[in-house]
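Okay, thanks everyone, I'll keep this short. Have a look at the model while I talk, and stop me if anything is unclear.

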Amino acid sequence: MGAMFRSEEMALCQLFIHPDKAAYTSVPSLDVCEAVDLNPDVNAFQRKFVNEVRRCDEMERKLRYIEAEVHKDGVHVPSVKEPPRAPNPREIIDLEAHLEKTENEILELSHNAVNLKQNYLELTELKHVLEKTEAFFVAQEEFGMDSLTKSLISDEQGQQAASRGRLGFVAGVVQRERVPAFERMLWRISRGNVFLRRAELDKPLEDPTTGNEIYKTVFVAFFQGEQLKSRIKKVCTGFHASLYPCPPSNTERQDMVKGVRTRLEDLNMVLNQTRDHRQRVLISVAKELPSWSIMVRKMKAIYHTLNLFNMDVTKKCLIGECWVPTADLPNVQKALVDGSNACGSSIPSFLNCIETDEEPPTFNRTNRFTRGFQNLIDAYGVASYRECNPALYTIITFPFLFAVMFGDLGHGLIMALFGAWMVIKEVSLAAKKSNNEIWNIFFAGRYIILLMGCFSMYTGLVYNDIFSKSMNIFGSSWYVPYDNKTLESSPAFTLDPNDSYIDVPYFIGIDPIWQTADNKIIFLNSYKMKLSIIFGVVHMIFGVCMSVVNYNFFKRRYSIILEFLPQVVFLCLLFLYMVFMMFYKWVAYSTFSTDLAYQQGCAPSVLILFINMMLFSSNEPEAGCKEFMFEGQGQIQRVFVLVALCCIPVMLLGKPLYLLSASKKKKKDVKPEQSNGSVNQGIEMQEQTDIGDGEPKPEAKPSGSGGGHGHDEEPFSEVMIHQAIHTIEYVLSTISHTASYLRLWALSLAHAELSEVLWNMVLTFGLKDSNYIGAIKLYVAFCFWALFTLAILVMMEGLSAFLHTLRLHWVEFMSKFYQGLGYIFQPFCFKTILEQEEKEE
Amino acid sequence: MKGCIFNIDAGYLEGLCRGFKCGILKQSDYLNLVQCETLEDLKLHLQGTDYGTFLANEPSPLSVSTIDDKLREKLVIEFQHLRNHSVEPLSTFLDFITYSYMIDNIILLITGTLHQRPISELIPKCHPLGSFEQMEAIHVAATPAELYNAVLVDTPLAPFFVDCISEQDLDEMNIEIIRNTLYKAYLEAFYDFCKQIGGTTADVMCEILAFEADRRAIIITINSFGTELSKDDRAKLYPRCGKLNPDGLAALARADDYEQVKAVAEYYAEYSALFEGAGNNVGDKTLEDKFFEHEVSLNVHAFLQQFHFGVFYSYLKLKEQECRNIVWISECVAQKHRTKIDNYIPIF
């Protein structure tokens, strides 16, 4: 848990790697480091390992091609259980060769297949042409026969008819959607002298290259004359119509059809064989495909990281800089040594910590439980380096404040069950990797949902609220002192605590008797309002106290006295005092009290008392009561307010004046600039000493005090303005933020009322009848009630309560101490890289 | 008032178009591109821009023509997406834009067939935006009249072609005349169409089209020197919707050499500036480049106004210019001819 308290300590390390093989193998061992780009002004294509990146690109292209082919044939790609390691340089060459071979094989296969299919297509078209044109020719021959018989009658006529009968023709196939334009064109070029017959093919043909279905139409164009023929042929090529030879005589045609059919059968066999072969090849490839693509991606990621590194002047070694969590330093060093040993490099890789005044990234080690809460905080702003991390406290306060608003045992149970289901099924659900954004949000927050559900069940128990009804488990502390006769006389009675209360409160939460009371809402309002103020003030005081931790850590102890102290005094004297009054009122005033001034009816309003305290005014108390709750309260209040007001100038002027005097003192005893000569001690390797000096990084600026907060350099006026803003903001916010916590009451009220309305308006409708019709009514009513309960009360109200809780944390709590100016640590990690790429796809 | 209802039909497309426009390469991108050593570098750099992975599936080594094809393919896909989602009158407007490509394609095919090239070799060279159904059967026509009757009568170009039917054969000279007559008719029709749409569209588009018309007139005049084109015929080819119309065109029709053309342009502020800067010496920009630059600036200005169709036209033209630039740079890179690599025309 210590890791959650603040972000981890980071060190900027310099990495010296031998530029050949070792460089490549050592990168994967940097999986807890974030590499810093040392050449930000160098173009992508001018970097050192650009050729290797290109090789990876080329391999990826091949992989994409293979994958597309595999998908085209619908071959199942098995998922990898154990993602492979990044290949070492020798394996890369193997992999490259392998990919090359596979690609060529598949290319050749598909090329052959396309050729075969082209052949097949042509033959099928020819077959169709021959079959479909049959009808046209039969019609024509009948006409020819007709003319023959005519020629017997008259020679002259016969010759004319013969020449007319000897029409030329072309037959072919054209795409169906181009037919109208084709026909029109033919008509135009021949001035109507072409006779076109066509028949549509019922079955779609397969386009050999793309595999798409195409619909075609068989046509026969009859014409006269050679010139026209050449022009028609031109049109045909223009419209991509394929022409087929079609013998004019019937017998020849039938022979040809037979021939074509046998050829088609042969071809079909060959096609099937190629298809089987292709299938076999693809299946074997599909097995390897996922691991290959992971390997290539990993390689690419490695080279991208290497591109961030810098070449040493002597070209003997590669220098990289990276942020490493100090805790992981030994691991990284060990991994580096192992890495360079593994590839048999003679020169080991080194890792050296260097000092820097750069702000390190913020790294909070999280597990799957804390990640959700950390994300809530990071969404507001990533914590400054080593700042106190509010996520730790959020784990409890977040579900709790949510539950105060969402208090209902039933709704909480539904939410808790949903959360528990996600938590239990975690592994299998995570493996599914849904793309549904909403689901992913829910799933990422499963532990938050579970906790929110559990806490809501608890608050539901305290509110004694389950689907807007109450449970009488321990027996109400109230009893009805009236007999039946009196009860029948009037619909409503007042229960006087003096003679209907047993003076022992209900064991836990609200007494169920209130469920039946007319003034339930008034009672609950007063209770919940006070509750929310109490929680709010405690929450805020806790937030203010957190700032001490930060001041202490960043060595700004003066701020504890000059900032924290007045702040906390201000808050306590005014608002904690108000909370105290609430408790005092609860404890001191009772109907059983012997003192008349502490009897019921005499209890003063806390709010009025508080307002009077601030305004130094007073109200006349009712007869027999006292204005104040205890002796000397008036004096104490006056002192409190005066002290609190005195805190404001301290907040406003304390820090600026202190800084002013401190800087003056500094100027007086002028010290020589501290030389950071110790930096080079870290770098003791003989060959690297020159490199250490060559690097401009370490001694760019003399680093300031630990946190590097630059207040020292700011001019006084600016410090003053900042402080004024802070003070005004703080003083105003104590009031507005306290009021803001009233949303706890408001939402809780709204939730309870809404669920009561839903019960009364919907479910009661089905509960009224006691006969069979009532059962049906109840069935329907329950459907609606359950639906609305889930959709409105659990989902919508849950969401709104969640957002309000988020606001209470971000604004009311975190503004008291949190800066959130850091940037997140993004270690080099194969897993995130692979996941990211998958998402992009 | 028109602006209020513009978005109902064309708001989405205009937004889309402006989004596309933001992907046009900036000056800094060009500075990076000209530093490239090989086409692979160029590819790597283009990957970082809006072009993304458009070359990722091309096996290396890359050639300039694949880059050109891919650039054009991307542009065509974008344009056709816009066209497919458009409704009247934007759809007609977008169709009008494609007509100029149709004219170019027709001329290309006719010239090709005149030189006995097989049609299958010519088709891939045609611009995909200007393809039409009857295009590939164009070589059946031997005379302009046939061309009209058989091929063009069904295309939207038919009304533009009416003036050319009288020409006798398809020889080189006549093809040029046909091209320019077609263009003239097309530009005038487009100009009228934009006028008819009115509003901001008319303001923006008429400006651009007027420049286009004047540019054609000037270029025709300059190119006609030393050819057998008579002055009367030349005058017939001038599109009459530009700022030169009518006095400037009349003067151009009388011009005999480059100096006289320049003298005509002197009377028009924007054109005289273009002639001033142009020269044929090394280091000077050619008149053509000057015209391109002016066109780019006009098109860039079109984006300054909203609720008009001009953005679509301008986007296409700017993107075309960008394709020309990239192809120019890649040519220079491929041929290691770095001295002229800076002769591209920056857009932003």
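So, first up: in UniProt, an unreviewed entry annotates residues 92–119 of chain A as a "coiled-coil region". Keep in mind that what you see here is a predicted model. In that model, residues 92–119 of chain A are 100% helix and 0% strand, and the C-alpha atoms at the two ends of the span are 40 Å apart.

Now let's go to where the two chains meet. How many residues does the contact take from each chain? Chain B puts in 25 residues and chain A puts in 24. Together the two chains bury about 2200 Å², and carbon and sulfur atoms give 50% of that. On the chain B side, the residues that lose the most area to chain A are L44(B), E133(B) and V140(B); taken together, those three make up 26% of what that side buries.

What about charges? There are three salt bridges between chain B and chain A. One of them joins the side chains of R54(A) and D41(B), at 2.2 Å from N to O. For polar contacts, the count between the chains is four residue pairs, both partners at pLDDT 80 or more.

Which elements of chain B give two or more residues to the side touching chain A? Those are α3, residues 39–47, and α7, residues 144–151. Of the elements there, α3(B) gives the most, with five residues. And if you sort that side of chain B by class, you get nine nonpolar, nine polar and seven charged residues.

That's my bit, happy to take questions.

Notes: Residues are numbered from 1 along each chain as its sequence is written. Chains are lettered from A and ligands numbered from 1 in the order in which they are written. This is a predicted model: local features need pLDDT of at least 70, side-chain atom pairs count only at pLDDT 80 or more; totals for chains, interfaces and linings use all residues. Side-chain values use heavy atoms; hydrogens and water are left out. Contact means heavy atoms within 4.5 Å. Buried area is the accessible area (1.4 Å probe) that two parts lose on being put together, summed over both. A salt bridge is a side-chain nitrogen of Lys or Arg within 4 Å of a carboxyl oxygen of Asp or Glu. A polar contact is a pair of N or O atoms within 3.5 Å; within protein, one must be able to donate a hydrogen and the other to accept it, and residues adjacent in sequence count only if both atoms are side-chain atoms. Helices (H or I, at least four residues) and strands (E, at least two) are DSSP runs, numbered from the N terminus. Ala, Val, Leu, Ile, Met, Phe, Trp, Tyr, Cys and Pro count as nonpolar, Asp, Glu, Lys and Arg as charged, and the others, Gly among them, as polar. UniProt positions are given in the numbering used here, feature names are shortened, and annotations may be inferred rather than shown by experiment.
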